[in-house]
Amino acid sequence: VECHNEHDIKTAAWLFPLYLIAINIFVLPIALAGNIVLGDSTNADLFILALPLTMGHDMLALVAFVGGLSAATAMVIVASVALSIMISNDLIMPVVIRRTSGDASAYSADRSRLILMIRRLAIVLILLCAFAYYRAARHEIPLASIGLVSFAAIAQFAPALLGGMMWRRANA
């Protein structure tokens, strides 16, 4: 939908993997340094903050904290908005349209306020569900293990994803 030029796809084919490598290039050195310097005394999720604090670089730890807070906040906002759009477009609006399909005046009515209200309500419900999960989940589980489970779950889609990308005659 967003691609206006086939040349953009060719650029994305080599630029996106470089982007993924660039954003993850410091993960391994930080993990190794954290294991060497801090060992098991600190949770591995906190290496990015604990390393500068251990070395006496409080300002660097503050910058890392603010950057992480900013990234986490942006991730929550983007994910909540994207999920609310999916919920309104794919779950709720088809039901609303089906129920009003016999009403001729419903087609001429402006539904933008209804869609906006549904999306806002969906955002609130998503955040409430996320908070309930946070309260129900055990706090002893490190974030890295949750990420590993998520990675393993999404890796199950890899064969279908690669097949769809490589096999020209594949369909839904």
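Is G67 buried, partly exposed or exposed? I began my notebook with this residue, and I kept in mind throughout that the model I was reading is a predicted one.

**Entry 1: G67 and helix α4**

I found G67 in helix α4, and I noted it as partly exposed because its relative accessible area is 38%, a value between the 20% and 50% cut-offs. I then looked along the chain from G67 to I97, which is 30 residues away, and the C-alpha atoms of the two turned out to be separated by 43 Å.

I stayed in α4 for A79, which has its place in this helix. At 33% relative accessibility, A79 counts as partly exposed. When I looked up its distance to Y19, I wrote down 20 Å from C-alpha to C-alpha, for two residues that are 60 apart in sequence.

**Entry 2: S84, and what lies against it**

My next residue in α4 was S84, and here I also wrote down that the helix covers residues 58-99. Is S84 buried or exposed? I recorded it as buried, because its relative accessibility is 1% and the cut-off for buried is under 20%.

I wanted to know which residues S84 touches once its neighbours within four places in sequence are left aside, and the list I obtained was R119, A122, I123 and I126.

**Entry 3: helix α6**

I turned to helix α6, residues 112-136, and checked its length by reasoning from the rise of 1.5 Å a residue. Its 25 residues should span 36 Å, and since the end C-alpha atoms are 36 Å apart, I noted that the expectation and the model agree.

Within α6, I listed I118, A122 and I126 as buried, and I saw that the buried residues of this helix pack against α4. This fitted with my previous entry, where A122 and I126 were among the contacts of S84.

C129 also lies in α6, but I had to describe C129 as exposed, because its relative accessible area is 54% and the cut-off for exposed is over 50%. From C129 to A50 I noted 31 Å in space, C-alpha to C-alpha, with their positions 79 residues apart in sequence.

**Entry 4: an aromatic pair in α6**

How many aromatic pairs does the count give? The count comes to two, and one that I followed up is formed by F131 and Y134, whose rings are 6.1 Å apart centre to centre, with 35 degrees between the planes. I wrote this pair down as tilted, because an angle under 30 degrees would have counted as stacked and one over 60 as edge-to-face.

Both F131 and Y134 lie in helix α6, and they are three residues apart, which I noted as about one turn of the helix. Y134 is partly exposed, with a relative accessible area of 45%.

**Entry 5: helix α3 and the residue after it**

In helix α3, which runs over residues 47-54, I listed F47, A50, L51 and P52 as the buried residues. I then asked myself which helices the buried residues of α3 pack against. They pack against α2, residues 27-37, and against α4. Just after α3, I came to G56, and I noted that this residue takes a positive phi of about 85 degrees.

**Entry 6: a nonpolar patch, and I21**

I looked next at the surface, where W14, L15, L18, I21, I25 and F26 make a nonpolar patch of about 660 Å². I picked I21 out of this group and placed it in helix α1, residues 6-24. I21 is exposed, with a relative accessible area of 52%.

**Entry 7: A160 in helix α8**

My last residue was A160, which lies in helix α8, residues 158-166. A160 is exposed, with a relative accessible area of 61%. I finished by looking up how A160 stands to I48, and I recorded 35 Å from C-alpha to C-alpha, for a pair that is 112 residues apart in sequence.

Technical notes:
Residues are numbered from 1 along each chain as its sequence is written. This is a predicted model: local features need pLDDT of at least 70, side-chain atom pairs count only at pLDDT 80 or more; totals for chains, interfaces and linings use all residues. Side-chain values use heavy atoms; hydrogens and water are left out. Helices (H or I, at least four residues) and strands (E, at least two) are DSSP runs, numbered from the N terminus. Buried means under 20% relative accessible area, exposed over 50%, partly exposed in between (1.4 Å probe, protein chains only). Contact means heavy atoms within 4.5 Å. The expected span of a helix is 1.5 Å times one less than its number of residues. Patches are made of residues with over 30% relative accessible area and no salt bridge: like charges are joined within 9 Å, nonpolar side chains (Val, Leu, Ile, Met, Phe, Trp, Tyr) within 5 Å. Accessible areas come from the Shrake-Rupley method with a 1.4 Å probe; for residues, only the protein chains shown count as cover. A salt bridge is a side-chain nitrogen of Lys or Arg within 4 Å of a carboxyl oxygen of Asp or Glu. Rings of Phe, Tyr and Trp (its six-membered ring) pair if their centres lie within 6.5 Å; planes under 30 degrees apart count as stacked, over 60 as edge-to-face and the rest as tilted.
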